Structure formats: C-alpha cells, structure tokens
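Work through the exercises below with the sequence and the model side by side. Try each task before reading its solution.

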Amino acid sequence: MLRTVISQARNQAARLSSVRYLSDDVNETATLEKCVNYVTLLGRVGVDPQKRGNLEHPVVIFSLATHTNYKYETGEFMQKTDWHKICVFKPNLRNTVYKYLKKGQRAMISGRISYSEFKDGDGNNVPSTSIIAEDVIFFQ
C-alpha cells in the first residue's frame with residue numbers, strides 16, 4: 001500500500017515538474033520546468049510611494065516593514081523588524097499605489113523576489129533584493 005502511494009506521488013510529481021510545448025518545427029519539442037517564485041507580505045508602509053524610472057520604464061517603489069515576535073529565555077518579548085523594497089511595474093496598480101497608499105498604512109503585497117546588483121559610488125557591486133508586486137491589498 002505504501003509503495004503504491006509513493007509510486008503514485010512520484011508519477012504525479014514527474015508529470016507536474018515539466019511542461020512540454022511544440023516549437024515551430026513539429027518534430028522538435030522542448031521542455032520547460034515549472035518553477036515557483038512567489039511571496040506574500042503583510043506589513044506597514046515605511047515611506048510614501050515614489051515614482052522612479054523613466055517614461056519607457058516607469059516604476060513606483062516603497063518600503064514595507066514586517067516584524068517577527070520572539071521570546072528570550074528570560075521571558076522578555078522582543079520584536080525584529082525586516083524592511084522590504086517593493087517595486088510596482090503594472091500600469092494600473094502602479095498608479096493606484098502611488099495615489100492612495102500612504103506611510104504607516106497596512107498593506108498586503110503578493111509578488112516575486114528579484115535579486116540584482118548595482119554599482120555604488122566607489123564602483124563596488126552591491127547586492128539588492130526587491131519584491132516585484134503583482135497585487136497590493138490596502139487596509140484601512
């Protein structure tokens with residue numbers, strides 16, 4: 001019984017692990033792996049959203065604070081705050097966020113994590129992590 005369940009799970013995982021599509025040449029097929037890069041954050045907006053970029057690639061950015069509560073061995077409660085850089089590229093979402101989202105407001109962000117690098121003033125590569133927002137839910 002257990003072997004059957006394991007075998008079925010392996011078969012299902014194999015089916016879900018790749019997607020096949022036909023290219024222009026019907027005899028040639030390619031395989032694309034199914035991957036997931038998804039994050040949901042619920043926190044408070046750190047600064048009013050700002051417009052950045054240019055006319056071809058506009059973006060609205062803001063920071064979001066999330067925190068974790070934990071307890072020391074002494075019984076004292078502590079809170080650790082993490083700051084996240086949120087980037088909004090979708091045109092309608094970008095305009096709505098810029099117009100209505102304000103500092104201190106609670107918001108839930110759904111999107112994907114993006115890693116990149118930029119050069120600082122000294123020419124050193126500095127790593128950067130951002131959340132590319134797909135959806136933003138406002139709370140009163």
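Helices (H or I, at least four residues) and strands (E, at least two) are DSSP runs, numbered from the N terminus. K71 lies in one such strand, β5. The model is predicted, so local features need pLDDT of at least 70, side-chain atom pairs count only at pLDDT 80 or more, and totals for chains, interfaces and linings use all residues. Residues are numbered from 1 along each chain as its sequence is written, and side-chain values use heavy atoms, with hydrogens and water left out.

**Exercise 1. The fold in outline**

Find how many helices and strands the chain has, and the order in which they run.

Solution. Step one is the count: 2 helices and 8 strands. Step two is the order. From the N terminus, the chain reads α-β-β-β-β-β-β-α-β-β. Step three is burial. A residue is buried under 20% relative accessible area, exposed over 50% and partly exposed in between (1.4 Å probe, protein chains only). Of the 140 residues in the chain, 23% are buried. Step four is the surface, computed by the Shrake-Rupley method with a 1.4 Å probe. The chain exposes about 10,900 Å², and carbon and sulfur atoms supply 52% of that area.

**Exercise 2. The nonpolar core**

Work out which residues have the most contacts inside the largest nonpolar core.

Solution. Start with the rule. A nonpolar core is a set of buried Ala, Val, Leu, Ile, Met, Phe, Trp, Tyr and Cys residues joined through side-chain atoms within 4.5 Å. The largest one has 16 residues, and F62, I86, V88, V97, I109 and V136 have the most contacts inside it. Next, map the core to elements. Those giving two or more residues are β3 (39–45), β5 (58–71), β6 (77–88), α2 (91–100), β7 (106–119) and β8 (125–138). Now zoom in on V136. Contact means heavy atoms within 4.5 Å. Beyond its neighbours within four places in sequence, V136 contacts L93, V97, A107, M108 and I109. As background, nonpolar side chains in soluble globular proteins tend to be buried together.

**Exercise 3. Strand pairing**

Determine which strands pair with β7, and in what sense.

Solution. Two strands pair if DSSP finds at least two bridges between them. Take β3 first. β3 and β7 run antiparallel and share 6 bridges. Within this pairing, L42 has M108 as its bridge partner. Then take β8. 13 bridges link β7 and β8, again antiparallel. Here I113 stands opposite I131. Finish at the turn. The hairpin of β7 and β8 has 5 residues between the strands, and G123 there takes a positive phi near 85°.

Now repeat the exercise for β4. Strand β4 covers residues 50–53 and pairs with β5 in the antiparallel sense over 4 bridges. Q50 faces I61 in β5. The two strands form a hairpin with 4 residues between them.

**Exercise 4. Polar residues, buried or exposed?**

Classify S63, K71 and Q105, and list what each one touches.

Solution. Begin with S63, in strand β5. Its relative accessible area is 18%, so S63 is buried. Outside four places in sequence, S63 touches R44, V45, G46, V47, W83 and H84. Move on to K71. At 54% relative accessibility, K71 is exposed. Beyond four places in sequence, K71 touches E76 and F77. End with Q105, in the loop between α2 and β7. Q105 is buried, at 17% relative accessibility. Leaving out neighbours within four places, Q105 contacts G43, R44, V45, Y100, F138 and F139.

**Exercise 5. Cysteines**

Count the disulfides, then classify C35 and C87 as buried or exposed.

Solution. A disulfide is a pair of cysteine sulfur atoms within 2.5 Å. The count is 0. C35 is exposed, with a relative accessible area of 59%. C87 is buried, at 7%.

**Exercise 6. Aromatic rings**

Find how many aromatic pairs the whole structure has, and name the geometry.

Solution. Rings of Phe, Tyr and Trp (its six-membered ring) pair if their centres lie within 6.5 Å; planes under 30 degrees apart are stacked, over 60 edge-to-face and the rest tilted. The search finds 1 pair. The ring centres of Y70 and Y72 lie 5.8 Å apart with planes at 85°, so the pair is edge-to-face. Lastly, check exposure. Y70 is partly exposed at 35% relative accessible area, and Y72 is partly exposed at 40%.
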